[in-house]
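Visitor: Could you walk me through this one? I'd like to hear about charges, rings, cysteines and sheets.

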Amino acid sequence: MPLSVFVDTFNITTGIAGSTVARTGYGFQPSAAIFFWSGATATTDTLTTNAPHQRGFGAAVSATSRWAVFSQSEDGSLTTNADCMIRTDSCVGNLTAAGAVEGLADFSSFDTDGLTLVIDDAFTNNIRVTCVAIGGADITNTATGTLTVPGATGSVNYSVGFQPDFVLFAG
């Protein structure tokens, strides 16, 4: 099993802080996970038009190496209101229309057949999340991190401690 990938779509419910979201059926133990969401609250894939968005993107390779970037933007309000946040203590998050956190899910563990998230801050609504789990013997090193791009032009070197075969940036 040189490389394994599993795509999982699920809802994080309004469980209390400390509750877990365990996902199984992947067929392998992942080494990395990429999460993304739009703020949709349905339990099936749906199309929503003319609605505020609460989108985000996150990644995790361990319980201490994960991040999430997420935002919200209102649709049809009298005043424009948009906010964004970057966190290094969770892999899924949501913001209210006022820009406050209204839900955080942290990465807990990669399991033999999936992964587990833990709710750090309860979500006020169900949130539909897609996870791309990656594993297999060909995955030998993983890392996550955040960086600040300098304001000046020119080349900048960033090191993760090994020669990566794949790099993903989000902002």
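Guide: First a term: buried means under 20% relative accessible area, exposed means over 50%, and partly exposed is in between, using a 1.4 Å probe and protein chains only. This is a predicted model, so local features need pLDDT of at least 70, side-chain atom pairs count only at pLDDT 80 or more, and totals for chains, interfaces and linings use all residues. Residues are numbered from 1 along each chain as its sequence is written, and side-chain values use heavy atoms, with hydrogens and water left out.

Visitor: Okay, charges to begin with. How many salt bridges does the structure hold?

Guide: Side chains of opposite charge can pair when their charged atoms come close. The test here is a side-chain nitrogen of Lys or Arg within 4 Å of a carboxyl oxygen of Asp or Glu. By that test, the number of salt bridges in the structure is 3.

Visitor: Take D106 and R66: are they buried or exposed?

Guide: These two side chains meet in a salt bridge, 2.7 Å from N to O. The pair links distant parts of the chain, with D106 in strand β8 (residues 101-111) and R66 in strand β5 (residues 65-73), 40 residues apart. Strands here are DSSP runs of E, at least two residues long, numbered from the N terminus. As for D106 and R66, both are buried.

Visitor: And which residue forms a salt bridge with D8?

Guide: D8 is buried, at a relative accessible area of 7%. Its closest N and O contact with the partner is 2.8 Å. The partner is 15 residues away, in strand β2 (residues 20-23), while D8 is in strand β1 (residues 4-12). That partner is R23.

Visitor: How does R23 count at 24% relative accessibility: buried, exposed or in between?

Guide: The label comes from the relative accessible area, and the value for R23 is 24%. Buried would need under 20% and exposed over 50%, so the in-between label applies. R23 counts as partly exposed.

Visitor: What about R87, which residue does it pair with in a salt bridge?

Guide: R87 is partly exposed, with a relative accessible area of 21%. The other residue also counts as partly exposed, at 30%. The closest N and O atoms of the pair are 2.8 Å apart, and the partner is D89.

Visitor: On to rings. Which label fits the pair F57 and W67?

Guide: A pair of aromatic rings is described by the distance of the centres and the angle of the planes. Rings of Phe, Tyr and Trp (its six-membered ring) pair if their centres lie within 6.5 Å; planes under 30 degrees apart count as stacked, over 60 as edge-to-face and the rest as tilted. The structure holds 3 aromatic pairs. The centres of F57 and W67 are 6.0 Å apart and their planes at 40 degrees, so this pair is tilted.

Visitor: How far apart are the ring centres of F107 and F110?

Guide: F107 is buried at 3% relative accessible area, and F110 counts as buried at 15%. Their planes are at 55 degrees, so the pair is tilted. The ring centres are 4.5 Å apart.

Visitor: Why is C91 not bonded to C131?

Guide: A disulfide is a covalent bond between the sulfur atoms of two cysteines. The rule wants a pair of cysteine sulfur atoms within 2.5 Å, and by this rule the count comes to 0 disulfides. C91 counts as buried at 0% relative accessibility, and C131 is buried at 0% too. The closest cysteine sulfur to that of C91 is in C131, too far for a bond because the distance is 8.3 Å.

Visitor: Last topic, sheets. Which strands stand at the edges of the sheet β2-β9-β8-β7?

Guide: Two strands pair if DSSP finds at least two bridges between them. This open sheet of 4 strands is antiparallel. An edge strand has a single partner strand, so one side is left without a neighbour in the sheet; here the edges are β2 and β7 (92-95).

Visitor: And in the sheet of 6 strands, what is the order?

Guide: In this open sheet the pairing is antiparallel. Strand β3 (residues 30-37) is joined to β4 by 5 bridges, and F35 stands opposite G58 in β4. The edge strands, pairing on one side only, are β1 and β6 (82-87). The order is β1-β10-β3-β4-β5-β6.
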